Amino acid sequence: MIDAFSSSTLGPGIRVTNGDVEIVAATGFGPRIVRFAFPEGDNALGEWPDLSTDTALGRWRPRGGHRLWFAPETMPESYAPDDAPVEHRSDGSLSLTVSRRTDAAGIGKEITVTLPATGAEATLTHRITNRGPRPVTAAAWALTIVSRGGVALLPSEPWRSHDDALDAARPFVLWSFTELADPRWEFGPRSVLLRSDAARPAPQKAGAGNTRGWCACLWKESLFVKRFDHLRGARYPDFGCNNEIYAAGNYMELESLGVLAELSPGASVEHKERWSLHQTALEKEAGECSAEELESAIERAAPELFG
């Protein structure tokens with residue numbers, strides 16, 4: 001079912017629901033996905049209506065939810081404002097597309113959301129198009145601001161002994177502002193974790209060439225999972241990253257990136273994510289749990305992820 005939706009903080013939108021999950025796209029700005037939740041449940045996506053960044057192209061507002069950028073990140077092009085209303089169309093009762101033909105950086109952006117007939121899942125197809133006069137090298141970059149108080153988890157590669165595997169397993173990429181001594185980081189037996197902490201506003205970020213093809217955010221009562229592809233031998237941004245996690249205070253993002261492509265004027269490239277929402281039953285807040293406790297919670301809620 002598709003119907004109108006309105007948020008007191010993020011304005012009007014369109015909701016798509018199959019009865020098991022609902023997803024909402026904003027219509028007054030974007031393209032943005034601003035809600036992903038069990039019906040009448042808490043939103044897995046964060047809302048930050050008051051933040052902004054001034055750029056040479058104008059003021060950009062994160063607002064909240066899920067957005068589509070292009071990588072590598074550049075200023076001001078990546079931060080092209082998206083405050084104007086978007087175009088939207090439906091394809092049946094469980095699919096919705098929101099789009100902007102071109103932004104101030106000359107990039108067209110489109111997100112198509114499709115729900116299955118049943119289940120708390122969604123497929124998001126992201127498409128960027130070069131509307132400028134010159135070729136560009138870019139990848140579709142899908143960034144999801146998650147709700148406050150969560151813990152982001154980036155899975156490690158499957159463990160193999162030194163005797164069995166001498167080659168490097170994957171790139172693990174740091175930024176100039178990354179401080180691995182920051183207590184928000186934890187390296188668990190099967191994952192790298194980044195916690196949100198309102199008392200620590202300094203940003204932290206890391207990325208990986210994630211062949212597992214998923215990352216997650218956990219709260220006391222729910223688990224949000226993003227799945228995406230990793231193509232061996234393909235060229236990804238940021239020293240080979242198809243997955244990145246970021247936190248600054250309570251602001252946290254789960255990010256996936258598609259393959260870098262040479263886009264001539266008018267050419268497009270796509271990148272897909274598959275979302276799912278699961279119930280958890282932690283005995284305490286996720287930020288108070290150890291890596292082992294959170295990994296066990298994921299295994300109970302979605303056992304195929306660590307399989």
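**Close-up 1. Ile33 and the company it keeps in this predicted model.** Leaving aside residues up to four places away in sequence, Ile33 touches Ile23, Val24, Ala25, Leu45, Gly65, His66, Ile111, Val113, Leu124 and Trp275. Off on its own is a second, separate core of 18 residues, with Leu282, Ala286, Ala297 and Ile298 among them.

**Close-up 2. The largest nonpolar core.** This one takes in 46 residues. Ile33 turns up again here: along with Ile23, Phe36, Ile128 and Phe224, it is one of the residues with the most contacts inside the core.

**Close-up 3. A cavity lined by Ile33 and others.** Have a look at the second largest cavity, with a volume of about 40 Å³. Ile33 shares the lining with Ile23, Val24, Ala25, Leu96, Val98, Ile111 and Val113.

**Close-up 4. The largest cavity.** The model has two cavities of 30 Å³ or more, and the largest holds about 50 Å³ of space. Around it you'll find Gly30, Pro31, Trp60, Leu68, Trp69, Ala80, Asp82 and Lys109. That lining breaks down into five nonpolar residues, one polar and two charged.

**Close-up 5. A cluster of aromatic rings.** Trp60 and Trp69, both from the lining of the largest cavity, are linked by ring pairs into a cluster with Tyr79 and Trp141. Across the structure there are eleven aromatic pairs.

**Close-up 6. Two arginines over rings.** Arg148 parks its charged end over the ring of Trp48, 3.7 Å from the ring's centre. Elsewhere, Arg190 lies over the face of Phe306, at 4.4 Å from the ring centre.

Notes. Residues numbered from 1 in each chain as written. Predicted model: local features only at pLDDT ≥ 70, side-chain atom pairs only at ≥ 80, totals over all residues. Heavy atoms only, no water. Core = buried A, V, L, I, M, F, W, Y, C linked by side-chain atoms within 4.5 Å. Buried < 20%, exposed > 50% of the residue type's maximum accessible area, 1.4 Å probe, protein only. Contact = heavy atoms within 4.5 Å. Phe/Tyr/Trp six-rings, centres within 6.5 Å; stacked < 30°, edge-to-face > 60°. Lys NZ or Arg CZ within 6 Å of the ring centre and 35° of its normal. 1 Å grid on protein atoms, 1.4 Å probe; cavity = no way out; pocket = protein on both sides within 12 Å on 5 of 7 lines; lining within 4 Å. Points joined across faces, edges and corners; volume = space filled by probe spheres on them. Nonpolar A, V, L, I, M, F, W, Y, C, P; charged D, E, K, R; others polar.
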